[in-house]
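Hi,

Here is the structure I said I would pass on. Have a look at it first, and then read on for what turned up.

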Amino acid sequence: FGDKEMELPVTKLRIGLVFFPLILLTIAPILYLLIGYPLNYSSSSSIYKHLSTSSSEKPIPSPSSTYNHSSSPSIPLIASSSSDHDETLSSQPLFDDNDYDDTYHALKPPSPLRNDISISSSNVDHQKTVKKEYRRKRRKGKICDLFTGEWVPNPEAPYYTNTTCWAIHEHQNCMKYGRPDLGFLKWRWKPKECDLPLFDPFEFLEIVRGKSMAFVGDSVNRNHVQSLICLLSRVEEPEDDSRQQDFDFNFQRWKYKTYNFTIATFWTTHLVRSEENGPAGPNSFYNLYLDEPDPSWASQVAEFDYIIISSGQWFFRPLFLYDKQKMIGCLYCYIPGVRNVGAHFAYRRALRTTFKTIIGLDNFNGEVFLRTFAPSHFEKGEWDKGGNCLRTRPFRSNETELEGMNLETHTIQLDEFHIAKRDKNKSNGLSLRLLDVTQMMLLRPDGHPSRFGHKPEDKVILYNDCVHWCLPGPIDSWNDFLLEMLKIEI
């Protein structure tokens, strides 16, 4: 009996040695999920949580790094269905505009790596890894939509001013002409499901080293070019490499010698060949030859690696329309015997001709970006009837929507882009990309010059400018998009 009493504790000990590790292995993961993981997650995702709380009424803290790789004529329109829309997005202002000191946040000194003449092999390997991961996610349908999101506070901005950048056009120089509410500078675009890094001029210039980029479009397109030059000026000032003297940025080239990179602008009002018919002015007619590309750009863009095309605003004024040298209709002409067509008829045909021209270029294997149009924001009147844009805060995405002429214009751009994508599959090498800024810019009625693009006594046609964009301003985010898309060439 005594021996049996001794065997019992030993047996219990053996059972304990077997079952205790099993119990420990079972409950440990559960304890980690309940205790450890939330602590670790809250620490590692703090920057993301700062940005994703944009819907709250409190200011969102700035990213932990100011500018490293890890951080980012007119259409009558009433931007909101209600003219009584509250000027502020919350009861408490996010920023005090009067405290703005007209300074900017300088770029941090470059690391030794950034001073290298060539990209290191590790950087090249990293870019290949990023592109490979992008293609894998794209196949699985997990790519983030960069163009759907909200504007969130960015106290670190701006990264240049009218005193640090020479390239700002007078009509967009809102600081020079005394715009008092400069809080419009303190925002950045935050996609709904991911982060969009701020523009890094060093990274951009390394990617485009030895290449060339052509901007084809109207004055809003020129607005975009000036933003890019200002952002790059923190690294290098370009040299004028123009083939003709042009003080309006309409036909100019700039060379970044250190990087052997060229930027060029090709002014075109309608993308297709156009002729002004009658005295110049806001109501003058244009003859549009819908089946002929504007030779000012079509004869030269084949030599560029990147082409960025955009247009829109000029298609909503009096036009005579031609096809195969014969008049087929008009817009706002009301002439007996001449068919009066809708405003978007000419726009669709012009875009189609533009894409056919580019796709048909001999030996062109570059990348072509269609930058969608940016809505104007005239309220309480059209552009020539006292309309203005005096808001001082962005809309949130649920406060306005794309509608009317703006919706139709955007839809036509998407339609023609997809038709061109289908047709380009018959050729080799050419890449078509969509730079869709329409929704994000619809939310920025506060970013226009209004009356602060000229002296009060100046007599200008567009007295209240609600078409173009202040520099610095919301349009700088277009280059955040451009860089992010260049990083993932597909």
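Let's begin with one pair of neighbours: glycine 217 sits across from tryptophan 267, a residue of β6. Before going further, please keep in mind that this is a predicted model.

**The sheet**

That pair belongs to the contact between β3 and strand β6 (residues 261-267), which run parallel and share 6 bridges. β3 also has a partner in strand β9 (residues 306-309), again in the parallel sense, with 4 bridges. Here valine 216 is matched with isoleucine 309 of β9. β9 in turn is joined by 4 bridges to strand β12 (residues 367-371), and these two run parallel as well. If you want a spot to look for, isoleucine 307 is opposite valine 368 in β12.

Put together, these strands are part of an open sheet of 7, ordered β4-β5-β6-β3-β9-β12-β13, with mixed pairing. At its edges are β4 (239-240) and β13 (431-435), each of which pairs on one side only. As a reminder, strands in a sheet pair through backbone hydrogen bonds, and they can do so in parallel or antiparallel fashion.

How many of the residues of strand β3 (residues 212-217) are buried? The count is 6 out of 6, so to speak a mostly covered strand. Ser212, Ala214 and Val216 point one way, while Met213, Phe215 and Gly217 point the other way, and all of them are buried.

**Two helices**

Next, take helix α8 (residues 404-424). This helix has 21 residues, and its first and last C-alpha atoms are 30 Å apart, close to the 30 Å expected at 1.5 Å a residue. Its buried residues are Asn406, Thr409, His410, Ile412, Gln413, Glu416, Phe417, Ala420 and Lys424. Looking down the axis of α8, you would find the buried residues within an arc of 155 degrees, so they line one face of the helix. Gly404, His418 and Arg422 are exposed on the other side of α8.

Helix α7 (residues 343-359) is the other one to find: 17 residues, reaching 26 Å from first C-alpha to last, close to the 24 Å expected at 1.5 Å a residue. Several of its residues are buried, including Ala343, Tyr347, Leu351, Phe355 and Ile358.

**Salt bridges**

What links α7 with α8? Arginine 352 and glutamate 416 form a salt bridge, with their closest N and O atoms 2.7 Å apart. Arginine 352 is in helix α7 and glutamate 416 in helix α8, so the pair ties together parts that lie 64 residues apart in sequence. Are the two partners buried or exposed? Arginine 352 is partly exposed, with 32% relative accessibility, whereas glutamate 416 is buried, with a relative accessible area of 1%. The pair also belongs to a network of salt bridges that links Arg348, Arg352, Asp415 and Glu416.

There are 19 salt bridges by count, and two others are worth finding on your screen. Arginine 273 meets glutamate 292 in one of them, where the closest N and O atoms are 2.8 Å apart. This pair links distant parts of the chain, 19 residues apart: arginine 273 is in strand β7 (residues 272-277) and glutamate 292 in strand β8 (residues 285-293). The other joins the side chains of lysine 176 and glutamate 170, at 2.8 Å from N to O. Lysine 176 is partly exposed, at a relative accessible area of 45%, and glutamate 170 is partly exposed too, at 32%.

**On the surface**

Which residues form a nonpolar patch on the surface? They are Tyr332, Tyr334 and Met405, which together have about 330 Å² of accessible area. Methionine 405 takes us back to α8, where it is found. With 32% relative accessibility, methionine 405 counts as partly exposed.

**The whole protein**

Finally, some overall numbers. The protein has 10 helices and 13 strands. Of its 490 residues, 51% count as buried. Its accessible surface comes to about 23,900 Å², and carbon and sulfur atoms account for 55% of that.

Over to you, and happy browsing!

How values were computed:
Residues are numbered from 1 along each chain as its sequence is written. This is a predicted model: local features need pLDDT of at least 70, side-chain atom pairs count only at pLDDT 80 or more; totals for chains, interfaces and linings use all residues. Side-chain values use heavy atoms; hydrogens and water are left out. Patches are made of residues with over 30% relative accessible area and no salt bridge: like charges are joined within 9 Å, nonpolar side chains (Val, Leu, Ile, Met, Phe, Trp, Tyr) within 5 Å. Accessible areas come from the Shrake-Rupley method with a 1.4 Å probe; for residues, only the protein chains shown count as cover. A salt bridge is a side-chain nitrogen of Lys or Arg within 4 Å of a carboxyl oxygen of Asp or Glu. Buried means under 20% relative accessible area, exposed over 50%, partly exposed in between (1.4 Å probe, protein chains only). Two strands pair if DSSP finds at least two bridges between them. The expected span of a helix is 1.5 Å times one less than its number of residues. The arc is that of the directions from the helix axis to the C-beta atoms.
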